[in-house]
Amino acid sequence: MILVDAIYVNYGGALELLKYLVETFEVRNNQFYLLADARCKGMFDQLSNVEYQDASEKGRKLFYKCHEGEFSAVFCFGNVPPTYRLKVPVYTYFHNINMLTLADCRDKKQLVKFWLKRAFIKHYRKNTDEWFVQTSNTATELICHLGVPSDKVRLYPFYKLPKFPEVEGQRTDYIFVGEYSGSKGHDELLEAWKILHEHGIDLTLHLTVSLGDAFLRKWQESVAQGVHIINHGFVSTDELAKLYMQCKATIYPSYNESFGLGLIEAMESGCDVIASDRPYVHAICQPSEVFDPALPNTIVDAVMRYEKEIRRQTVLTVCDKVDDMIDEICKE
């Protein structure tokens, strides 16, 4: 039986990936036991082998001690290897690139928090046999900042896509899917759309922001001035799929991503990509246009080129490898 240790996963994209991972294990009939974060209580009650526990190293270590010898392999799906060496193969999935680079942490408290976490993971890095990552960009940063040997890093991108409906008529709008944070680039994107409006160019942009009071106030002020930005707040998977089908391109101004699921979803729905000229983008696609996420005017220029010139079609260069990853974990 495989232990899936997800004690540090409780929200966002990582939680959606965990749900997909569990679903795939079930479909394949692989025997596994899930150790889940207590904040996810009730989400995985369909499983016969699941335990919810507070996210702490003390409780996690006690769980390992109590169940020693019961598992043939351990899959740590939350960046952090065990704090001691187990007698079975251990695989650790790393999916928080900001913890590695620290470059785009604009909040000092978050910077210190990530630095301490990175130091903790680096100290215990030898307790895992292999590291799994989504992209070559994350692999490079993992090798650089944690000192992980390159032959211990494996690329296993995986993702689940919504079901996209059929669309009729011309797709005219733009979209950026993601919650607000300082490193996501919402502020710069808003400024770019204000500049476009000042030049008499009113293109409709869709956002999905429910957090960030200061940003939401700025968005409301801009809308009152005539800027064409529709914020839908949190949307369900089905609603999101319909929203993508209204749009011809995604504008992706994030400074850094471990993967960029929003890019994948947009491309699979038929959208082109206009995105930050950053390694995480080039690791998963050939975008139609790129820009400097720190400079709103370069976002404006990229949109103008996309509107006026012969468009270069975006090309997706990764695919879902969830089955290959599970085969690797279950090979023993």
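How much area does the protein expose, and what share of it do carbon and sulfur atoms supply? In this predicted model, the exposed area comes to about 15700 Å², and carbon and sulfur atoms account for 50% of that surface.

The fold itself comprises 12 helices and 15 strands. With a radius of gyration of 21 Å, close to the 20 Å that the globule rule gives for 332 residues, the protein is as compact as a globular protein of that length. Taken along the principal axes, a box of roughly 65 × 45 × 35 Å holds the C-alpha atoms. Of the 332 residues, 54% count as buried. Contacts were also sorted by sequence separation: among those between residues at least 6 apart, 65% join residues at least 24 apart.

Charge comes next. The protein carries 37 positive and 46 negative side chains, and 7 Å separates the centres of the two sets. Side chains of opposite charge can pair when their charged atoms come close. Searching the whole structure for such pairs yields 16 salt bridges, and a few of them are worth following in the model.

One of these salt bridges joins R60 to D5, with 2.6 Å between the closest N and O atoms. R60 belongs to helix α2 (residues 57-66) and D5 to strand β1 (residues 2-6), so this pair ties together parts that are 55 residues apart in sequence. Both partners, R60 and D5, are buried.

A salt bridge also forms between the side chains of E289 and R305, at 2.9 Å from N to O. Here, too, distant parts of the chain are linked, with E289 in strand β14 (residues 289-291) and R305 in helix α11 (residues 296-308), 16 residues apart. As for burial, E289 has a relative accessible area of 13% and is therefore buried, the limit being under 20%. R305, at 31% relative accessibility, counts as partly exposed.

What links E130, R154, E328 and K331? These four residues are connected in a network of salt bridges. Within this group, K331 pairs with E328, their closest N and O atoms lying 2.8 Å apart. E328 is buried, with a relative accessible area of 9%, whereas K331 counts as partly exposed at 48% relative accessibility. K331 is not classed as exposed because that label requires a relative accessible area over 50%.

Key: Residues numbered from 1 in each chain as written. Predicted model: local features only at pLDDT ≥ 70, side-chain atom pairs only at ≥ 80, totals over all residues. Heavy atoms only, no water. Helix = DSSP H or I, 4+ residues; strand = E, 2+ residues; numbered from the N terminus. Rg over C-alpha atoms; globule rule 2.2 N^0.38 Å. Buried < 20%, exposed > 50% of the residue type's maximum accessible area, 1.4 Å probe, protein only. Contact = heavy atoms within 4.5 Å. Areas by Shrake-Rupley, 256 points an atom, 1.4 Å probe, with all protein chains shown as cover. Lys, Arg positive; Asp, Glu negative; His and termini not counted. Charge placed at Lys NZ, Arg CZ, Asp CG, Glu CD.
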